[in-house]
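Welcome, and thanks for taking a look at this one. Below is a short tour, grouped by topic, to read alongside the sequence and the 3D view.

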Amino acid sequence: IPYFFQDTAHFIPALCGGAALFLLLYRLLKFLCQGYCLGNSMVLFSNGSFGKTITYIPYRNIQRLCLKQNPLSSLLRLQRGSVYILASMLSREISFPYLKTEDVQKLTKNMMQSKI
């Protein structure tokens with residue numbers, strides 16, 4: 001019988017501690033990789049955890065915007081959600097991190113102006 005099967009009293013706490021450290025690192029890296037930038041003609045969304053994905057979307061290619069808000073984010077005047085790309089071959093949905101309410105209004109205003 002191998003050694004680590006004989007005494008699991010030290011193995012299990014080390015495994016749980018390693019898993020907790022990995023989850024903490026994952027959440028920290030995911031938080032650091034998320035972001036957005038609203039331009040004049042397009043919006044940029046950045047997300048990922050161990051790799052960073054940056055997506056540029058022209059306002060005219062946004063089909064719809066779905067927003068979510070819980071009571072805590074309502075107090076902080078933040079919203080999160082997703083953007084659906086118009087006529088995408090994969091019917092792609094891009095989720096974005098928390099946006100300020102003013103930035104959501106600017107995003108919807110730019111979307112409406114690009115459709116005209």
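This is a predicted model. A good place to begin is C66, which is partly exposed because its relative accessibility is 27%, between the 20% and 50% cut-offs. From there the tour moves on to the other cysteines, the aromatic rings, the largest pocket and one exposed loop residue.

**Cysteines**

- The structure contains zero disulfides.
- C37 takes part in no disulfide, and the cysteine sulfur nearest to it, that of C33, is 16 Å away.
- That separation rules out a disulfide for C37, because a pair of cysteine sulfur atoms must lie within 2.5 Å to count as one.
- C37 has 43% relative accessibility and so counts as partly exposed.

**An aromatic pair**

- Searching the whole structure turns up one aromatic pair.
- The partners are F45 and F96, with 5.2 Å from centre to centre and 15° between the planes, and the pair is stacked.
- Why stacked rather than tilted? The 15° angle is under 30 degrees, so the pair falls in the stacked class.
- The two rings link distant parts of the chain: F45 belongs to strand β2 (residues 42–48) and F96 to strand β6 (residues 93–100), 51 residues apart.
- F45 is buried, as its relative accessible area is 2%.
- F96 also has 2% relative accessibility and therefore counts as buried.

**Charges over rings**

- R64 places its charged end over the ring of Y84, 3.9 Å from the ring's centre.
- R80 lies over the face of Y98, and here the distance to the ring centre is 5.7 Å.

**The largest pocket**

- The largest pocket holds about 250 Å³ of space.
- Its lining is made up of R27, K30, F31, Q34, G35, R80, F96, P97 and Y98.
- Some of these names are already familiar: F96 comes from the stacked pair, while R80 and Y98 form one of the charge-over-ring contacts.
- Which elements each supply at least two residues of the lining? They are helix α2 (11–33) and strand β6.
- Sorted by class, the lining has four nonpolar, two polar and three charged residues.

**A loop residue and its distant neighbour in sequence**

- R60 sits in the loop between β3 (52–58) and β4 (62–68).
- With 53% relative accessibility, R60 counts as exposed.
- R60 and M111 are 51 residues apart in sequence, yet their C-alpha atoms are 6.4 Å apart in space.

Notes
Residues numbered from 1 in each chain as written. Predicted model: local features only at pLDDT ≥ 70, side-chain atom pairs only at ≥ 80, totals over all residues. Heavy atoms only, no water. Buried < 20%, exposed > 50% of the residue type's maximum accessible area, 1.4 Å probe, protein only. Phe/Tyr/Trp six-rings, centres within 6.5 Å; stacked < 30°, edge-to-face > 60°. Helix = DSSP H or I, 4+ residues; strand = E, 2+ residues; numbered from the N terminus. Lys NZ or Arg CZ within 6 Å of the ring centre and 35° of its normal. 1 Å grid on protein atoms, 1.4 Å probe; cavity = no way out; pocket = protein on both sides within 12 Å on 5 of 7 lines; lining within 4 Å. Points joined across faces, edges and corners; volume = space filled by probe spheres on them. Nonpolar A, V, L, I, M, F, W, Y, C, P; charged D, E, K, R; others polar.
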